[in-house]
Amino acid sequence: MAKCTIDGKEVEFTPGENLIKVAKRAGVDIPVFCYHPGLTVVAQCRMCYVEVEKMPKLQTACSTNAAEGMVVKTTSEAVKKGREGTMEFLLLNHPLDCPICDKAGECDLQDNSFGSGSAYMRHSEERRTYVDVDMGDVIQKNMNRCIHCTRCIRFGDEIAGIHEMVAIKRGNNIDITTIDGKQLQTEYAGNYSDICPTGSLTLKDFRFKKRAWMLKKTDTVCEGCSKGCNMEIQHEGNAIYRCVPRENLEINKYWMCDEGRFNYHYTQDPARILNPVQKVGAAWSKITWDQGLSALKSETNAVNTLFLLGTDLTLEEMSAIRETVTRNHKNAKLLSFGTHGVETSAQDKSQDQILKMKSKTSNLMGAEKLGIEALQGKAKADVVVVFRGGRAQLPAIESKKTIGVGVFLEKEVTSFDVILPGLAFTEKDGTVINHQGKEQRLKRAVLPREKCKAIPEVLMLLLNQKTREVLA
Ligand code: SF4
Ligand code: SF4
Ligand code: FES
């Protein structure tokens with residue numbers, strides 16, 4: 001394998017790899033702004049300067065590929081001076097906004113200024129200023145903080161497949177904007193905020209809600225569709241503040257869609273049912289878990305019972321339900337439901353040739369692997385019991401009694417009789433299988449809310465009257 005030397009360490013590389021990637025393997029971090037591994041290389045910020053033996057000038061590591069025998073220095077005096085010059089230039093117009101900027105604490109400009117900037121500045125002119133611009137539902141722009149790295153422009157063109165961000169005017173008057181000042185159109189706009197190395201493109205949903213360093217992070221998987229994008233839930237005090245994509249080159253690379261990013265909101269919706277309830281007239285009335293379980297037990301003794309299982313549940317939940325139904329309700333039927341019009345994985349296709357899939361649940365493939373057939377059309381039975389994670393689209397139901405176990409909002413269950421509240425995907429561990437057949441783990445980020453219980457626990461309590469008595 002070819003080898004080069006970085007800061008005295010010999011490193012192997014694959015031809016075509018740039019110095020940033022190769023240096024990383026040698027444990028050397030080269031500061032960058034315009035470079036992003038998921039976008040084309042433009043080498044325009046000049047932050048990644050390195051010294052390469054036998055080359056007279058400093059080189060940009062993002063646009064220089066490693067070569068056999070190459071000797072690279074990343075900490076020499078010349079490199080230090082070059083990077084200081086870049087930082088001084090980039091900060092000419094940057095406001096002292098860190099105390100009120102959402103990016104503070106996770107900002108490349110802060111980090112690179114601290115790591116490679118100079119303590120002095122020769123600049124004495126007035127800084128240019130722009131007014132904030134509302135770019136649509138997702139992004140608010142603060143052009144004062146922009147360093148013209150063009151990551152956002154390249155993201156639109158190369159990943160979101162839409163040429164909507166451009167640079168107009170030049171030099172000190174440059175403006176990074178949408179064409180004709182239109183609102184952003186892409187359904188992947190949240191990524192603009194992730195890749196902006198400064199606080200220029202901020203996520204409206206997160207603005208001024210929490211300082212980045214206060215957030216705890218949990219690695220999990222998005223439940224928004226069968227793609228299974230890897231993501232991180234950021235939370236504090238049992239409340240979720242933000243979801244961001246996690247790198248997985250085989251699934252979502254570095255990105256996620258807005259539908260998945262903001263999907264978590266329903267788990268914190270004030271209209272989510274968090275206590276066992278039963279319908280009295282047209283209103284919901286709180287009941288105890290024991291009363292709810294007794295209702296579930298007596299109703300499911302009916303001869304004609306249909307159990308429905310959402311394809312938004314984990315494999316563990318699905319197996320527990322299948323086990324309970326096959327052992328204890330021999331005459332009952334068990335069918336799955338998830339997305340109207342996408343009952344089987346054969347009908348599940350890419351929705352937009354980017355990430356989004358047609359199946360709007362995370363585990364359609366899991367239900368199929370467990371041999372659970374899909375409901376076709378209306379759910380018809382004397383008693384229908386619906387197990388649901390919170391995302392599966394409810395089918396039309398025709399029954400004398402309908403009982404829900406899992407996550408439901410009040411407006412979704414006007415025709416139900418009893419609800420036993422369960423855990424959302426943010427509150428449980430489990431396994432899901434994406435449309436490629438890859439098994440992935442959901443991880444619990446926040447604790448269950450109020451009286452919500454995990455489905456396996458509900459099933460265990462249902463079967464075990466004695467345990468219920470002890471717990472009561
Ligand atoms: S808005 Fe952000 S991503 Fe776009 S050019 Fe400016 S600094 Fe770069
Ligand atoms: S494409 Fe699907 S899995 Fe990925 S972020 Fe969007 S909804 Fe979630
Ligand atoms: S990161 Fe290399 S020039 Fe911008």
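**Briefing: two ligand sites, a one-faced helix and two positive phi values**

Phenylalanine 208 lies in the loop between β10 (201-203) and β11 (216-221). Its phi is positive, about 60°, although phenylalanine 208 is not a glycine. The model is predicted. Its protein chain has eleven helices and 24 strands. Ligand 1 sits in the largest cavity, and ligand 2 sits in the second largest.

**Overall build**

- The C-alpha atoms of the protein chain fill a box of roughly 85 × 50 × 45 Å along the principal axes.
- Of the 472 residues in the chain, 54% are buried.

**Positive phi in loops**

- Most residues other than glycine have a negative phi.
- Phenylalanine 208 has a phi of about 60°. At 56% relative accessibility, phenylalanine 208 counts as exposed, because the cut-off for exposed is over 50%.
- Alanine 43 also has a positive phi, near 50°, and is a residue other than glycine.
- Alanine 43 is found in the loop between α1 (19-25) and β3 (49-52).
- With a relative accessible area of 14%, alanine 43 is buried, because buried means under 20%.

**Ligand 1**

- Four cysteines belong to the surroundings of ligand 1: Cys146, Cys149, Cys152 and Cys196.
- The other residues around ligand 1 are Ile147, His148, Thr150, Ile176, Pro197, Thr198, Ser200 and Leu201.
- By class, this shell holds eight nonpolar and four polar residues. The shell around ligand 1 has no charged residues.
- The site lies in the largest cavity.

**Ligand 2**

- Cysteines around ligand 2 are Cys222, Cys225, Cys229 and Cys257.
- Gly224, Lys227, Gly228, Met256, Gly260, Leu355 and Lys356 also surround ligand 2.
- This shell divides into six nonpolar, three polar and two charged residues.
- Lys227 and Lys356 are in the shell, and lysine counts as charged.
- Cysteine 229, from the shell of ligand 2, counts as buried at 7% relative accessibility.
- Ligand 2 occupies the second largest cavity.

**Cysteines and disulfides**

- How many disulfides does a search of the whole structure find? The search finds zero.
- Cysteine 452 is therefore in no disulfide: the nearest cysteine sulfur, that of cysteine 243, is 18 Å away, and a disulfide needs sulfur atoms within 2.5 Å.
- Cysteine 452 counts as buried, at 8% relative accessibility.

**A contact across the sequence**

- Leucine 274 and cysteine 452 are 178 residues apart in sequence. In space they are 5.8 Å apart, C-alpha to C-alpha.
- Leucine 274 lies in the loop between α6 (258-262) and β14 (277-280).
- Is leucine 274 buried or exposed? At 11% relative accessibility, leucine 274 counts as buried.
- Cysteine 452, at 8%, is buried as well.

**Helix α7**

- Helix α7 covers residues 289-299.
- Its buried residues are Trp289, Gly292, Leu293, Ala295 and Leu296.
- Seen down the axis of α7, these buried residues fall within an arc of 155°, so they line one face of the helix.

Key: Residues are numbered from 1 along each chain as its sequence is written. Chains are lettered from A and ligands numbered from 1 in the order in which they are written. This is a predicted model: local features need pLDDT of at least 70, side-chain atom pairs count only at pLDDT 80 or more; totals for chains, interfaces and linings use all residues. Side-chain values use heavy atoms; hydrogens and water are left out. Buried means under 20% relative accessible area, exposed over 50%, partly exposed in between (1.4 Å probe, protein chains only). Helices (H or I, at least four residues) and strands (E, at least two) are DSSP runs, numbered from the N terminus. The arc is that of the directions from the helix axis to the C-beta atoms. A residue is near a molecule or strand if one of its heavy atoms lies within 4 Å of it. On a 1 Å grid over the protein atoms alone, a cavity is a set of points where a 1.4 Å probe fits but cannot get out, and a pocket is an open set with protein on both sides within 12 Å along at least five of seven lines; lining residues have an atom within 4 Å of a point. A molecule sits in a cavity or pocket if more than half of its atoms lie within 2 Å of its grid points.
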